[in-house]
Amino acid sequence: MSFSSPSKVVPEAEAQREAEPRPESRAGQREAQAEWEPEPQGSELLHAGRRFAGTQEASPRRVLVSRGSSLWSHKSASRGSADSKLRCHTDCLETPLNHAFQRLGWAVGAHPWFFLLGPLVLTALLGTGFVHLPKDKEEDLEEQYSPVGSPAKKERYFVQGHFTTNDSLRFSATRKSTDVNFASILAFSHTPSLLEPDIFSEVSKLDHAVQALFVVQEDGTRIQYAQVCAKLMGGCVPSNPLLAAWQGKKDLNLKNITFPMYNLNHQVIYLTGLVGGIVLGETEGKNQILVQARALRLQYYLQTERAEDNERSRKWLIHFLNRFSDMKDGLALKKIQAVYFTSLSRQLEFEATSRTVIPLFHLAYLLIILFAVISCYRFDCVRNKMWVATFGVISVALAVVSGFGLMLYIGVPFVIIVANSPFLILGIGVDDMFIMISAWQKTSLMENIRQRLSSVYSKVAVSITVTTITNVLAFYTGVVTSFRSVQYFCIYTGTTLLFCYFYNITCFGAFLALDGKREVVCLHWLKKPETPDQKCSSLKRSCCFPFGSLPDEHGSATHPMNLFFRDYFGPFLTSTESKCFVVLLYILYIISSIYGCSQVQEGLDVRNLASDDSYVTPYFDVDEKFFSEYGPMVMVVVTKNVDYWNKDVRQKLEQCMTDFEDNRYVDKNLTEFWLRTYVQYLEEAKQDINDKDTFVNNIPIFLKNFSNFVYDINISSSNEIISSRAFIQTRDVSTPTNKKMMLQQLRGIAAKCEIPLLVYNQAFIYFDQYAVIVENTIRSVTVASLAMFIVSLLLIPHPLCSLWVTFAIASVVVGVTGFMAFWNVSLDSISMMNLVICIGFSFDFSAHICYAFVSSSKPSVNQKAIEALYLLGYPVLQSAVSTVIGVCVLYTSNAYIFRTFFKIIFLVMVFGAAHGLIFIPVFLTFFGSFG
């Protein structure tokens with residue numbers, strides 16, 4: 001992006017115009033081409049594109065210019081001194097930067113080997129930071145992909161500090177404050193119901209096979225399931241109480257099972273979450289007869305609390321994962337199918353996805369090198385920049401090594417989604433390379449290297465600096481999010497883009513200077529007098545194929561794509577019929593986008609952390625199909641010491657529990673509350689429940705008879721109830737929207753209760769993302785947009801231009817967000833990260849066109865729009881294409897994370913380019929005159 005002094009290129013732009021052919025018979029172009037004269041800032045604005053191919057060149061005549069002149073002061077000469085007083089000046093930023101780059105270019109041209117080898121040595125040093133790249137360390141998914149400082153984490157901290165459990169004595173999964181080690185199998189029948197003895201027999205066979213698995217350690221000892229299983233009443237916790245009851249009594253009547261609670265030998269079994277795909281019949285009290293059931297859940301809980309037990313449990317789980325498929329095939333199950341999952345699966349499968357993307361790096365770099373070579377290739381063997389373009393891509397790779405190495409040295413965690421970063425950096429990191437090659441092609445071969453490189457650096461100073469600032473700012477604003485993974489991605493990418501900028505003005509400039517020496521040598525060889533040796537003459541002619549003449553040492557004509565935008569696309573776009581169509585197209589676009597925004601799903605689906613072919617996916621598909629009716633069991637915790645023996649306190653607490661049970665997301669028949677049972681117990685014993693001593697002294701006896709409440713009451717040594725908890729069963733929370741609403745409503749009820757309460761379940765750690773993802777996205781986009789607006793005010797001294805840039809940013813963000821829903825992309829931490837990225841791209845696309853338009857001195861708005869497209873249409877198009885090429889290989893990945901990255905970047909490029917090339921130019925013809 002360049003908003004710098006144009007006076008240095010005025011004569012060559014005029015000369016270029018005289019040499020350019022134009023169609024003469026196109027009626028639609030008459031107004032646009034009438035009295036055409038390229039703007040003084042034209043050549044400089046040609047550098048403004050985020051990418052500019054090395055083939056794009058200026059006039060064949062070089063003109064020495066003054067460095068201190070300003071665009072606005074130059075225009076004042078043609079528009080009058082009065083108009084000049086109304087114009088702003090940017091020399092305070094522009095002139096010093098141009099002078100500094102001019103001196104730097106002179107130094108690089110004078111000492112190219114120093115500036116080439118210095119960055120290479122720096123890369124080698126910083127590259128050693130990769131020794132700190134974690135290899136065996138597991139990525140903490142909760143830390144990286146759940147909101148920082150979320151309410152659930154504070155609630156968990158309270159629960160952990162006030163309630164204890166014992167995995168080896170009386171295990172209860174619902175009473176655990178953190179995730180536990182487990183293996184889960186979903187067995188489902190091919191028939192309408194598996195409530196048949198022969199089908200239960202197959203499920204039982206599978207259950208026995210799992211419990212028979214053992215791990216042989218290096219020292220020859222075995223880890224049996226019975227050694228690591230969580231214990232209940234001296235034995236392993238049953239994988240499924242209903243199955244265990246049938247195994248103990250084969251003549252159990254499976255047609256007389258009640259749901260959701262089943263009373264077996266005066267022991268209540270809760271079947272929610274254990275039996276799925278149900279059809280219910282007659283009502284019996286609070287239950288109904290279970291007529292049909294398609295699936296059973298077998299849950300194998302393992303010990304977690306002690307470190308040594310946890311390690312042995314993990315070994316058994318890994319063995320389970322390695323053996324399950326073969327074991328299932330060996331059982332030759334005919335009546336059921338089974339899918340599986342473990343507490344380690346999410347972590348292991350997520351890490352496996354990162355390995356799938358590594359081979360794509362090579363393909364991405366190959367495609368970008370190919371694109372760079374094609375963009376910079378010339379049949380002229382002297383000015384051909386094929387190898388320079390290749391080295392430009394290599395310099396981006398060096399920047400990735402340096403940036404990542406530095407971050408690893410500092411200790412910034414490397415998370416899986418950072419693996420997306422090199423693809424994006426590859427797409428946008430070649431910006432400066434294309435701009436510098438373009439400027440170099442405009443210099444004369446007859447000048448010495450120092451003069452040529454000094455001229456190049458002076459011309460591109462503002463362009464590459466402002467492009468870097470906008471992109472880096474867009475990334476660094478990502479640190480305001482509540483997701484660690486997004487913060488680390490933005491830090492890695494922003495820092496690496498700074499290295500891209502540094503290496504382009506040092507080692508790439510040095511390579512350009514060395515290639516300039518090659519140009520001189522090659523030109524002298526071509527200009528040697530002809531000899532009778534015809535082979536040499538043929539060789540020289542072949543170097544200049546297909547023209548058969550020596551290269552022009554002063555430059556060549558304008559790139560055909562610029563002429564296309566000026567002579568064809570611009571006049572077509574500014575015709576009345578096209579404008580009407582564009583307005584209708586934008587209305588359709590914005591309506592579709594707004595509708596899509598209302599349909600976007602929030603939150604990261606756990607199955608999306610694994611690859612498409614993972615065993616995790618079918619497990620969650622079956623779980624969603626058969627077990628989605630009931631959600632997690634939620635703790636309702638009394639957080640302070642209250643007088644439970646006080647009737648008023650009990651009534652208030654009971655009212656709160658009633659409010660919870662009346663909620664649409666709660667099943668009122670499945671509440672577990674020790675106080676209700678205790679009150680009934682004391683009343684049956686004819687005890688005075690309102691007496692403090694009676695209330696407190698009978699609790700130990702009560703807990704002996706009702707041992708399931710042992711971990712629900714926290715009693716101090718002075719017999720005071722510090723805190724206690726109840727449990728409510730949630731339902732109908734399978735969708736992200738329902739999870740969000742349930743969480744908000746339950747917390748709202750707890751906050752309104754006169755008794756201090758909190759609600760908690762370990763799943764809330766991830767549910768919290770649904771509550772904050774929209775807020776975080778809006779905050780991040782707002783901060784990034786504000787930063788871009790400030791940059792536009794500082795560097796584009798025109799209020800109209802800044803307003804249109806802001807409009808384009810908002811429009812692109814809305815469009816990308818809306819079309820995410822149509823492309824099955826949810827709003828989660830990964831997509832939010834990409835939305836922040838699109839701010840920088842939106843700024844670049846729109847700012848160039850707006851600035852070219854408002855800076856034009858053409859008499860009509862149509863001519864202003866055509867000139868803006870002539871100067872910047874091709875660079876904007878190149879920008880979109882090269883970035884898409886950089887990330888397109890990610891679409892072939894079988895991992896949601898990487899495909900999502902491609903999808904959003906693709907939408908950003910398409911909509912950003914559409915705004916820059918179509919919508920903004922047309923809208924400016926309607927409202928631009930007000931500027």
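**A colleague's note on the core and two serines**

1. A good place to begin is Ile-837, which touches Leu-424, Phe-475, Phe-489, Phe-901 and Ile-905, leaving aside residues up to four places away in sequence. Please keep in mind as you look around that this is a predicted model.

2. Ile-837 also stands out in the largest nonpolar core, which has 152 residues: together with Leu-424, Phe-489, Leu-890 and Phe-901, Ile-837 touches the most other members. Helix α33, residues 896-927, gives the most to this core, contributing 19 residues. Another core, of 70 residues, lies apart from it, and includes Ala-183, Ala-230, Leu-254 and Tyr-301.

3. Next, have a look at Ser-421, which sits in helix α16, residues 421-428. Beyond residues up to four places away in sequence, Ser-421 touches Phe-404, Phe-489 and Thr-493. Phe-404 is 17 residues from Ser-421 along the chain, and their C-alpha atoms are 9.9 Å apart.

4. Is Ser-421 buried or exposed? Its relative accessible area is 0%, so Ser-421 counts as buried, the cut-off being under 20%.

5. Finally, turn to Ser-444, in the loop between α17 (431-441) and α18 (449-476). Ser-444 has a relative accessible area of 7% and is therefore buried as well, again by the cut-off of under 20%. What does the side chain of Ser-444 reach? The partner is the backbone nitrogen of Met-446, at 3.1 Å.

How values were computed:
Residues numbered from 1 in each chain as written. Predicted model: local features only at pLDDT ≥ 70, side-chain atom pairs only at ≥ 80, totals over all residues. Heavy atoms only, no water. Helix = DSSP H or I, 4+ residues; strand = E, 2+ residues; numbered from the N terminus. Buried < 20%, exposed > 50% of the residue type's maximum accessible area, 1.4 Å probe, protein only. Contact = heavy atoms within 4.5 Å. Polar contact = N/O pair within 3.5 Å; in protein donor to acceptor, adjacent residues only side chain to side chain. Core = buried A, V, L, I, M, F, W, Y, C linked by side-chain atoms within 4.5 Å.
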